[in-house]
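Colleague: I'd like to learn how to read a helix in a model like this one. Can we go through it together?

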Amino acid sequence: MNNTEVDILIIGAGPSGCVAAGYLQKQGATIKVVEKTQFPRIVVGESLIPRVMDHFDEAGLLDDLQKQNFQIKPGARFIKGDIISIFDFSEKFGEGWDWTWQIPRADFDHIMTQSLQKKGVDIAFETTVTAVEWKDTYSITTVVNKEGSTEKIKAQFVIDASGYGRVLPKLLGLDKPSSLNPHSAIFTHVADINRPPGVEGTQISFDVLDTEVWLWVIPFSNGNTSVGIVGKTDFIDQLSTNGDTAEALRNAIQLSDFYVNRFADTTFSFEPIHLKNYSSAVSKMYGKGFALTGNSAEFLDPVFSSGICFATESGILAAKLAWKQINKQPVDWEKDFAQYMQRGIDVFTSYVKEW
């Protein structure tokens with residue numbers, strides 16, 4: 001059995017874990033990241049909002065990401081029948097980025113972890129957390145790698161950025177029902193052979209098929225496009241007769257007058273992924289020696305692209321506060337983390353409910 005000692009252990013190597021790791025590495029912290037999957041891997045969350053660009057920059061990841069030439073996202077388009085509304089990120093009331101990216105997450109997350117590893121960050125892939133034991137001033141986390149070898153990691157602080165894995169919420173019994181109604185999604189990628197030229201071919205769009213049902217179309221710079229359906233779980237379940245996700249998504253595409261000709265006969269790049277009742281919440285976002293970030297704490301709804309922003313905002317904030325605490329500086333986790341993040345959650349929740 002191996003034993004490792006670090007300042008901060010980060011669970012999960014998605015955007016939340018990566019910005020936390022990038023920031024802490026720049027501060028000189030000793031860190032370790034454990035990730036249960038092998039990258040690259042396909043996950044949802046392919047549309048960003050401009051706020052995240054500040055986080056990637058502060059974490060030292062922006063330069064490597066910009067080299068990939070991901071599809072620029074200057075805004076978003078919402079379609080409902082003959083009504084089209086375009087939201088332009090440059091039409092804003094304050095400072096900040098006027099654009100962001102549309103990203104295949106498999107490539108995007110892989111680039112971030114490679115960037116961190118080049119800088120010396122220890123990332124253990126295919127490594128699962130099995131237990132956490134809390135002491136007065138540190139924790140002992142037990143992890144097991146793909147070969148079955150066990151490692152115990154002593155850390156002064158743990159940042160849980162495990163996303164849908166929700167490692168600490170499950171181990172500590174922190175899960176609670178979301179305030180949002182049960183919604184689900186099905187998505188895949190397609191080789192966008194019918195992509196029109198110009199802006200129409202690159203425009204990220206949401207075709208509102210009904211009050212709580214919409215089809216998303218997210219074109220990537222590699223020629224592929226993400227296509228997905230979001231709606232009440234009952235509606236999504238009725239799109240196929242036997243739970244066949246490919247059948248369900250094809251039936252959803254048929255409902256879109258705007259996109260049916262572009263995608264009706266397109267081959268799916270992989271079996272569509274079904275995210276059922278995806279909204280989640282926790283009873284608390286932090287505790288003695290740990291903080292929950294990103295989807296491990298809260299996931300709302302993909303319509304306003306809030307997921308990655310919540311992940312990176314909470315990830316880099318948790319990293320800053322944890323580093324202050326380790327360096328014996330006063331930290332008010334309730335005010336500076338939980339209440340701050342809850343305000344953002346409340347705003348986006350109101351958007352989703354009104355939508």
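**Reading one helix**

Modeller: Sure, let's start with helix α1, residues 15–27: its 13 residues reach 19 Å from the first C-alpha to the last, close to the 18 Å expected at 1.5 Å a residue. Keep in mind that this is a predicted model.

Colleague: How many residues of α1 are buried?

Modeller: Buried here means under 20% relative accessible area. For α1 that applies to 10 of the 13 residues, so the helix is largely enclosed by the rest of the structure.

Colleague: Which residues of α1 are the buried ones?

Modeller: They are Pro15, Ser16, Gly17, Cys18, Val19, Ala20, Ala21, Gly22, Tyr23 and Leu24. As a general idea, an α-helix has 3.6 residues a turn, so residues three or four places apart point the same way.

Colleague: What do the buried residues of α1 pack against?

Modeller: Three strands, β1 (2–11), β2 (31–34) and β10 (150–160), plus three helices, α2 (51–58), α4 (105–118) and α10 (306–326).

Colleague: And what follows α1?

Modeller: Gly28, with a positive phi near 90 degrees.

Colleague: Now zoom out for me. How many helices and strands are in the chain?

Modeller: You'll find 11 helices and 19 strands. The radius of gyration is 20 Å, close to the 20 Å the globule rule gives for 355 residues, so the chain is as compact as a globular protein of that length.

Colleague: What share of the chain's residues is buried?

Modeller: Buried residues account for 54% of the 355. As for contacts between residues at least 6 apart in sequence, 70% join residues at least 24 apart.

Key. Residues numbered from 1 in each chain as written. Predicted model: local features only at pLDDT ≥ 70, side-chain atom pairs only at ≥ 80, totals over all residues. Heavy atoms only, no water. Helix = DSSP H or I, 4+ residues; strand = E, 2+ residues; numbered from the N terminus. Rg over C-alpha atoms; globule rule 2.2 N^0.38 Å. Buried < 20%, exposed > 50% of the residue type's maximum accessible area, 1.4 Å probe, protein only. Contact = heavy atoms within 4.5 Å. Expected span 1.5 Å × (residues − 1).
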